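Let's take a look at how some helices pack and how two chains meet. Have the picture open as you read.

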Amino acid sequence: MVSRNEKHTDVVIVGFGWVGAIMARELTQAGLNVVALERGPRRDTWPEGAYPSSIDELTHNTRHALFLQPSQSTVTVRHRDSDVAAPYRQLAAFLPGTGVGGAGLHWSGCHWRISPVELRLRSHYEERYGKDFIPQDMTIQDWGVSYEELEPHFAFAESVFGTSGQAYKVNGKIVGDGNPFDADRSTPFPLPAMKNTYSAELYSKAAAECGYHPFRIPSANASQAYTNPYGCQMGACTFCGFCSGYACYNYSKASPNVNILPALERESRFELRAECDVLKVETDSSGKKATGVIYRTSKGEEVRQTADIVILASFAYNNPYLLLLSGIGQPYDPKTGEGTVGRNFVYQNESGVTLFFGQDKFTNPFIGAGGNGVAIDDFNADNFDHGPLGFVGGAPIWVNQAGSKPISSAAVPKGTPQWGAHWKKAVKDNFQHTISIHAHGTNMAFRDCYLSLDPTYSDTAGRPLLRITFNWHDNDVKMIRYVTDRMADIGRAMKPESMSVETKEFGEEFDLRHYQTTHIAGGAIMGTSPKDSVVNRYLQHWDVSNLFVIGSSAFPQGIGYNPTGIVAALAYWSAKAIRERYLKSPGPMVQA
Amino acid sequence: MSVRSRNGGALICGRRAMLQGTALGLVAAALFHFPLEGASEAADREYAYRPVFFSDDEWQTLSSFVDRLIPADAEGPGALEAHVPEFIDRQMNTPYGHGSEWYLRPPLMKTSATLGYQFLFTPRDIYKQGFPALHSAIMQRYGKPFHQLDAGERDRIIGQMEKGSLTLSPVPSKLLFGQVLKNCKEGYFADPIHGGNYEMGAWKMIGFPGARADFTDWVDRYGVRYPLPPVSVGVHGVQGGV
């Protein structure tokens with residue numbers, strides 16, 4: 001029961017992570033009044049990031065202080081339609097964020113653009129490899145937006161994030177030893193690349209020896225002090241090794257809290273309400289216009305906030321979840337292939353190699369930064385010939401030394417027992433002498449991987465949980481096995497004493513028990529037709545034109561890189577369309 | 001020997017009392033004189049912690065269990081020296097111990113193990129319902145409690161629990177094993193402010209510098225051992241010591 005109505009506003013934003021902060025900034029600048037609603041608590045560099053308590057592994061990484069606890073809300077998961085889904089009861093495989101800043105407060109900071117071919121993946125593969133190359137049940141498609149259109153927004157987002165990196169090509173001219181597979185850029189990175197760790201240096205050398213093209217990962221951990229276009233300041237990263245899962249104590253890691261919120265807080269047209277959990281988006285009787293949202297406060301009060309524009313900016317699967325709860329759009333049905341909400345749910349398809357160097361070689365893996373490292377893109381996107389390989393997709397391969405902590409990442413050689421004197425000695429002998437290499441692979445969209453509402457389980461607010469139906473497909477296993485072999489070649493070239501390889505087996509089930517990544521995407525995808533997408537190329541809902549759904553939920557399929565860079569660029573792209581076109585003439589910006 | 005109680009209560013030497021006449025007592029007594037590297041003062045200090053959550057029986061089981069998971073030897077501290085049981089006892093009185101992080105609503109589904117934890121137990125439940133069941137099973141088989149078994153016997157039991165071949169109810173042995181192992185490693189490696197990793201002994205053993213937080217000067221000292229001892233985020237651990 002709604003107990004009160006808040007004063008009408010121009011724009012209501014659901015979720016205050018990167019997308020929420022960017023949209024709030026852009027739309028207040030356009031003269032609109034903006035209310036942002038965030039489910040979790042207020043958070044900032046102080047107190048959540050305050051040294052030294054912020055770099056306590058148990059509290060943050062192990063007990064997940066900054067994450068959304070399943071007790072509050074979770075999802076259910078099953079591998080196939082014929083299974084019964086079970087709740088994701090303990091955080092493990094992925095770690096959804098909550099609170100002001102969202103996952104942007106405690107991400108790593110790998111800040112990528114995207115390979116242009118990935119934005120038109122289906123067209124590109126059909127053109128190069130023929131229509132029959134893409135398996136029947138693989139539902140990949142084009143995004144409806146091009147790299148050229150997004151480029152200015154990638155560039156601006158990098159200036160906001162204070163991204164450190166080395167460009168390869170700026171305005172058609174080769175400017176340095178960046179990634180030779182990168183598309184053209186209009187600007188160099190705002191900050192020089194970070195220093196390499198020893199591990200990255202060794203990897204870089206070995207990858208070059210193998211004939212590949214190593215480059216430094218673009219990092220939203222500042223290589224030196226920086227002031228962004230909003231006047232927000234960053235300090236130089238000290239390689240403390242506590243990025244992912246932690247709020248940065250040093251103002252070095254870009255976050256909505258450090259890089260945007262200080263500017264927004266000076267803005268009288270902006271209001272941020274924390275601990276306001278949005279229950280549904282309301283529409284008028286035609287179903288074609290959103291009238292606002294209903295949310296629940298921490299006191300259990302239900303409040304209606306009406307608005308002219310509604311923006312869903314929540315974590316990956318929470319955008320489609322809210323659409324399903326609100327009855328907006330047709331839920332996807334994998335049997336008929338009809339409906340769009342929940343369609344093309346995807347994840348990240350990873351593998352890794354751990355190298356053990358013996359006690360004379362100190363790799364000091366506790367030194368690190370989340371966005372730091374060296375990668376190769378030789379096996380990412382379509383930078384290699386897929387024709388004879390028979391799979392779609394690829395992976396950047398990198399050493400991304402984010403800082404090993406002993407509870408979560410005391411690596412031991414394969415075959416070491418889990419406990420006892422041998423385990424203890426193995427940890428002691430290897431902790432300072434290991435290097436990890438990872439393949440951060442794509443996950444293609446498939447007809448049978450999707451989101452829907454669970455018929456059995458509910459959360460504390462009585463909402464049905466979101467149900468994920470997801471499993472690995474042969475295409476993706478084929479891809480990651482191929483890339484893992486290349487990664488192992490580089491590993492061997494680094495001359496370790498021994499090496500452990502983690503890859504996927506054919507038929508292997510999606511396993512929720514071990515952390516993989518929080519790079520979840522799809523479910524409310526963008527595209528060129530309302531038949532197979534939820535939002536148009538401007539992230540505007542096809543049917544409800546004053547509703548925008550922005551985030552990794554819009555990815556039609558998984559990408560090789562980490563999602564934050566393209567998510568931020570899409571937000572700026574959408575904001576520009578709202579400012580320059582929608583506000584002048586509200587209504588659909590693309591005719592269906 | 002000075003006696004100190006960390007939880008501010010009476011100076012009751014709970015473990016000493018319970019150790020009397022047990023196999024563990026012999027192990028632990030030796031431990032108290034084990035020379036801790038760089039902490040000779042501490043080596044002479046008697047340790048007393050009175051469990052808040054665990055009963056004396058459970059405390060004995062827990063202590064003799066973690067003593068085998070991370071045994072004391074010349075490589076570095078064992079779980080008992082690192083005060084792992086104290087860590088676990090303290091954790092049981094946090095929201096985590098009460099299961100406040102986990103989704104524990106029924107029903108339970110029969111599913112693939114790959115979908116992860118599918119029980120309604122909190123961490124406290126796992127210990128409170130698991131240890132008595134373990135106790136009964138061991139009494140039945142050996143005619144004496146777990147903590148009175150010798151190290152080899154305890155290792156065999158733990159190995160069976162790891163594989164799930166020891167039948168326990170309602171908490172399966174594999175679940176109980178997993179919980180103890182997880183909490184044991186947490187207590188061994190977590191910052192000492194949480195009660196374990198006594199004097200950062202585990203960090204010193206592996207060479208983890210803890211909350212140093214600034215490696216600007218070392219990130220490009222390629223292949224060179226980091227020279228400084230660890231620091232804790234808490235006041236008590238900051239003195240470090242090599």
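## Two helices side by side

Helix pairs get a label from their angle: under 35 degrees counts as roughly parallel, over 145 as roughly antiparallel, 65 to 115 as roughly perpendicular, and the rest as oblique. Axes are lines fitted to C-alpha atoms, for helices over the stretch in contact, and angles run from 0 to 180 degrees between N-to-C directions. Helices themselves are DSSP runs of H or I with at least four residues, strands are runs of E with at least two, and both are numbered from the N terminus.

Now for α1(A), residues 18-29 of chain A: it packs against α13(A) at about 25 degrees, with the axes 9 Å apart. That's why α1(A) and α13(A) count as roughly parallel. Their crossing is right-handed (the near helix is turned clockwise from the far one by less than a right angle; anticlockwise would be left-handed).

Residues are in contact here if their C-beta atoms, placed from the backbone, lie within 7 Å. On the α1(A) side you'll find W18(A), V19(A), I22(A), M23(A), E26(A) and L27(A), and their partners in α13(A) include V567(A), A568(A) and Y572(A). The contact sorts into 11 nonpolar, one polar and two charged residues. For that sorting, Ala, Val, Leu, Ile, Met, Phe, Trp, Tyr, Cys and Pro are nonpolar, Asp, Glu, Lys and Arg are charged, and the others, Gly among them, are polar.

This is a predicted model: local features need pLDDT of at least 70, side-chain atom pairs count only at pLDDT 80 or more, and totals for chains, interfaces and linings use all residues. Residues are numbered from 1 along each chain as its sequence is written, while chains are lettered from A and ligands numbered from 1 in the order in which they are written.

## A second partner for α13(A)

Helix α13(A), residues 564-582, also packs with α5(A), residues 147-161, at about 110 degrees and with axes 8 Å apart. So α5(A) and α13(A) are roughly perpendicular. Among the residues making this contact are H153(A) and F154(A) of α5(A), and A568(A) and Y572(A) of α13(A). Eight are nonpolar, two polar and one charged.

## Where chain A meets chain B

The contact between the chains takes 54 residues from chain A and 51 from chain B. On the chain A side, α11(A) gives the most, with five residues. By class, that side has 26 nonpolar, 15 polar and 13 charged residues.

Technical notes:
Two residues are in contact if their C-beta atoms, placed from the backbone, lie within 7 Å.
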